[in-house]
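This report describes the packing, sheets and backbone details of one protein chain. The sequence and structure come first, and the description follows.

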Amino acid sequence: MSAELFTPNDRDSCASIRAAASLGNPVQGEFIHTCGDMGGRKHDYLADLPEQSGQDTIVLAPGDMVCVAAHPIHRGDTVRVGDETLTVLDDVPRGHKIALTDIPEGANVRKYGFEIGHATRPIKRGEWVHTHNLATNLGDNLSYEYHPTSNTVKPGKPTTTFQGYRRANGKVGIRNDLYIVPTVGCIDGLVETMARMFTSKHNGNGSVDSVIVARHPYGCSQLGGDLLWTQECLRGIVEHPNAGGVLIVGLGCENNQMSLFTAGLNNIDPNRIRTMICQEEDDELDRAAQLLEELNEQAKFDEREPIPMNELTVGVECGGSDGMSGITANPMVGRFAEWLVSQGGSVVLSEVPEMFGAETVLMSQARDEHVFHDIVDLINNFKGFFRKYGEKISENPSPGNKAGGITTLEDKSLGCIRKGGRCEVEDVIPYGKRVKEHGLSLMQTPGNDMVSTTAKGSAGCNLILFTTGRGTPFGCFVPTLKIATNTPLAMKKKRWIDFNAGRLLDEPMDQVDAEFRQLVMEVINGRQTCNERNAMQETVIFKDGPTE
C-alpha cells in the first residue's frame, strides 16, 4: 500500500513520539489518560459493571463526575445515585450524562475514570452534560511511554470446538458461500444478474449456503495506493475461507487487470476459483452460468467438521453508537473477546479515530514494547492523515452519536475500545492486510463502520460482532451479528437486530453473557444472522487519492 497514506507530513515528529512524559501527566496542554492512580484511588477501567437492575442512573467508575441516564429522566425528577439522591435540573434522554457535582468552567470532566473533555461553562449538580457545556481536549500528537498492565488476557489453548469447513489450504470457514467478485465497478449490475440467474435456477437448493456479490465502485481510473487497496481488499475476499467457491469477473479494459489481480493471490485452492473477462466472451451470462455450476459441483462435497476454537477469527465493530454502547453491548462483546482469546482464537479491533483519547489503555495492553511502538505509530499516523486534509481529529462523533448521548471523541472512544476487553494486543495490521496472530490485533481503518467492517472481513474474520445503539442495517459479506445496546431499538428493528444487550440493565450479567455466547456459537455453526437472511451484505473499500 502507499507509504504516504495515513502518514504525517513531518515524519521526524513520529520518531519523537516515543520521548518522555509518563502516562497520566499533561503534555503540551493535552491529557494522556491512564488506568493507574487516580487521586489515590485504583480503578480498573475494564472492571465488570455492577448490577444495574431497576436503577435510574449508572456510574461507571469511582470518582466519575457524571452518571448516565438508564432511561429518559424529566426535569425535576429525583433519582437515586448509589446511596444518594439527585434532583435532575433538565430533561435528560436515555444514555446522556448528568452532573454528579458542581463543575467549574474549564475543569476536566471525568467518565469511565478518565477525562472526556472540559466544561465550557459552569455546570451545576443535576444538570444535563452534553455538547452545550462540554468540549473535547483532543489535539495534536502526544508523547507516550510503555507502562504495561499485568491483567491482560493472553492467547490460551482451546478446550472447545465449533463446526466449520476445513479448506484444502488449511484455512477454516464457517460458511460455504459462493462469492462473485468483480474486478471493476462498472460491471456490478452484470454480476448481480449472474447471481440472480444462478439463484433462480437452483431455487435455494444449490450446494452453497448463499451467493454473495462483492459490489464496489472501483478498479478503473484508480491510481497508486487506492488501486493497491482495492486489489488487496478484493483479494482478501477471494481468499476468504467462508467461500466454498469464487468467480472473479473482469471487464477487460480496467486498471485492475485480471492478470495483475490474480498474480497477487496467495495460498488458494485452484479448484475453488474461476475467472472470466466479459469483453472476451461471446455471451458472458452463459459463460458465467457454466463456471458457477462448476463451483457449485465442487462445493457439494463440503461438510462441516469439529474445529478447535483457536482457528476462529472474529471482528468486533460498532456503528450508530449511543450513550449505552460503552455500558451494555461493547463490554459484553469485550467479555466474549476475552473468552475467545483464552481459547486461542483471534479478535480484530479497528476504527482508529475511535481510539483517540483512549489509546493509552490499548498501549498498556501491548504484548511488548515493539507492539507498543506500533500502536503509537498507528495513532499518530492517523492523526497525520487528518492533518493532511486540514481536518480536526475530534470531529467524530457523528450527529447520531451525539443524539444518543455521546458528547466528545474521548467519550466515544472509551466506550468503543471496550469491545476488545482486557485482551493483550498482539499485533497491528495495516489496512488491506491479513490477520497473522492469535489473540487481539488492532487494524488500521477509519472510523467509518462500512469501510472498517469490510476490511475486517477481507483480513480473514469469519464473523463480525457489530454493536449499535441508533440502529443500522449494514452487514458485511461475512455473517454480521447485530447487537442492540438498548431494548427499545431491539424491539423496534427486529429485521436488523440479532441480540439485545439492553437486557444487561435488568438481568444478571452472567445469564445474558451465556445466552449471547450460545447465540454466537449457533451462528458459527450455521445459524443465519439477520444480515444473511435479508441479504444485507455489502463491500465498502477505502479511497484516499485522485481518480484519473
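## An open three-stranded sheet

In this predicted model, an open sheet is built from three strands in the order β8-β9-β11, with antiparallel pairing. The edge positions are taken by β8 (108-111) and β11 (134-135); each has a single partner strand, so one side of each lacks a neighbour in the sheet. Between β9 (residues 114-119) and β11 there are two bridges, in the antiparallel sense. His 118 has Ala 135 of β11 as its bridge partner. Helix α10 (residues 409-416) packs on this sheet and touches β8 and β9. The direction of α10 makes about 165 degrees with that of β9.

The loop between β8 and β9 holds Tyr 112. Its phi is near 60 degrees, a positive value in a residue other than glycine. With a relative accessible area of 3%, Tyr 112 is buried.

## A buried parallel strand

Strand β16 (residues 243-250) has eight of its eight residues buried, so the rest of the structure largely encloses it. Two strands pair with β16 in the parallel sense: β14 (residues 177-182) through six bridges, and β17 (residues 273-277) through five. Ile 248 of β16 stands opposite Val 181 and also opposite Thr 275 in β17. Strands of a sheet pair through backbone hydrogen bonds, in either a parallel or an antiparallel arrangement.

## Nonpolar cores

The largest nonpolar core has 116 residues, and the members that touch the most others are Leu 465, Ile 483 and Phe 516. Helix α8 (residues 369-388) is the greatest contributor to this core, with nine residues. Apart from the largest core lies another one of 20 residues, including Leu 178, Val 191, Val 249 and Leu 251.

Which residues does Phe 516 touch, not counting those up to four places away in sequence? They are Met 332, Val 333, Phe 336, Leu 465, Leu 481, Ile 483 and Phe 499.

Helix α8 also contains Val 376. Val 376 has 1% relative accessibility and therefore counts as buried, the cut-off being under 20%. Its C-alpha atom is separated by 9.9 Å from that of Tyr 146, although the two residues are 230 apart along the chain.

## Crossing of α6 and α13

The axes of helix α6 (residues 329-342) and helix α13 (residues 509-524) come within 10 Å and cross at roughly 65 degrees. This crossing is right-handed. On the α6 side the contact is made by Met 332, Val 333, Arg 335, Phe 336 and Trp 339. On the α13 side it is made by Met 509, Val 512, Asp 513, Phe 516, Arg 517, Val 520 and Met 521. By class, nine of the contact residues are nonpolar, three are charged and none is polar.

## Backbone exceptions

Most residues other than glycine have a negative phi, and most peptide bonds are trans. Where does the chain have a cis peptide bond? The bond from Asn 396 to Pro 397 is cis, with omega near 20 degrees. Pro 397 is placed in the loop between α8 and α9 (399-403).

Glu 351 has a phi near 60 degrees, which is positive in a residue other than glycine. Glu 351 sits in the loop between β20 (346-349) and α7 (359-364). Is Glu 351 buried or exposed? Glu 351 is buried, with a relative accessible area of 0%.

Technical notes
Residues numbered from 1 in each chain as written. Predicted model: local features only at pLDDT ≥ 70, side-chain atom pairs only at ≥ 80, totals over all residues. Heavy atoms only, no water. Core = buried A, V, L, I, M, F, W, Y, C linked by side-chain atoms within 4.5 Å. Buried < 20%, exposed > 50% of the residue type's maximum accessible area, 1.4 Å probe, protein only. Helix = DSSP H or I, 4+ residues; strand = E, 2+ residues; numbered from the N terminus. Contact = heavy atoms within 4.5 Å. Axes fitted to C-alpha atoms, helices over the stretch in contact; angles between N-to-C directions. Left-handed = near helix turned anticlockwise from the far one by under 90°. Nonpolar A, V, L, I, M, F, W, Y, C, P; charged D, E, K, R; others polar. Pairing = 2+ DSSP bridges.
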